[in-house]
Amino acid sequence: MRFGEIIKRARGGRFSQQSLGELIGVWGTYIGQIEKGERVPSDERCLLLAKALDLDTRKLLISAYQERTQSKEVKQLFSQMEKLLTDPVIS
């Protein structure tokens, strides 16, 4: 799932884009850009988003890194890392 989709789903009816933006120190329009896939926030903002939305920080950061990279090989590596994080035996 795309980073922006994760944020949009997690935000759901709990927050408006504006209120989530205020909570993490950005404009609501920035949250909209994230959700549309136009921007990927910094690691620091990802951590704030994860905390505000009760998301797993490791999974959210990996999703952000995967979205930022242009390399097919790196995208695949992050995808494998994400699968390992969800493996109940490893976790």
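## A short tour: one buried glutamate, one ring pair, one patch

Start by selecting Glu35, which is buried, with a relative accessible area of 9%. Keep in mind as you click around that this is a predicted model.

**Stop 1: around Glu35.** Colour helix 3, residues 28-36, and you'll find Glu35 inside that stretch. Now show side chains and add Arg11: its side chain makes a polar contact with the side chain of Glu35, at 2.6 Å. What else does Glu35 touch, leaving aside residues up to four places away in sequence? Select Arg2, Gly4, Glu5, Ile7, Lys8 and Gln17, and keep Arg11 on screen, since Glu35 touches that one too.

**Stop 2: the rings.** How many aromatic pairs does the count come to? Just 1. Select Tyr65 and Phe78: the two rings form a tilted pair, 5.7 Å centre to centre, with 40° between the planes. This pair links distant parts of the chain, with Tyr65 in helix 5 (residues 57-68) and Phe78 in helix 6, 13 residues apart. Switch on a surface and check each partner. Tyr65 is partly exposed at 28% relative accessible area, while Phe78 counts as buried because its relative accessibility is 14%, and the cut-off for buried is under 20%.

**Stop 3: the nonpolar patch.** Stay on helix 6, which covers residues 72-86, and move along to Leu84. Leu84 is partly exposed, with a relative accessible area of 46%. Add Val89 and Ile90 to the selection: together with Leu84 they make a nonpolar surface patch of about 330 Å².

Terms used: Residues are numbered from 1 along each chain as its sequence is written. This is a predicted model: local features need pLDDT of at least 70, side-chain atom pairs count only at pLDDT 80 or more; totals for chains, interfaces and linings use all residues. Side-chain values use heavy atoms; hydrogens and water are left out. Patches are made of residues with over 30% relative accessible area and no salt bridge: like charges are joined within 9 Å, nonpolar side chains (Val, Leu, Ile, Met, Phe, Trp, Tyr) within 5 Å. Accessible areas come from the Shrake-Rupley method with a 1.4 Å probe; for residues, only the protein chains shown count as cover. A salt bridge is a side-chain nitrogen of Lys or Arg within 4 Å of a carboxyl oxygen of Asp or Glu. Helices (H or I, at least four residues) and strands (E, at least two) are DSSP runs, numbered from the N terminus. Buried means under 20% relative accessible area, exposed over 50%, partly exposed in between (1.4 Å probe, protein chains only). A polar contact is a pair of N or O atoms within 3.5 Å; within protein, one must be able to donate a hydrogen and the other to accept it, and residues adjacent in sequence count only if both atoms are side-chain atoms. Contact means heavy atoms within 4.5 Å. Rings of Phe, Tyr and Trp (its six-membered ring) pair if their centres lie within 6.5 Å; planes under 30 degrees apart count as stacked, over 60 as edge-to-face and the rest as tilted.
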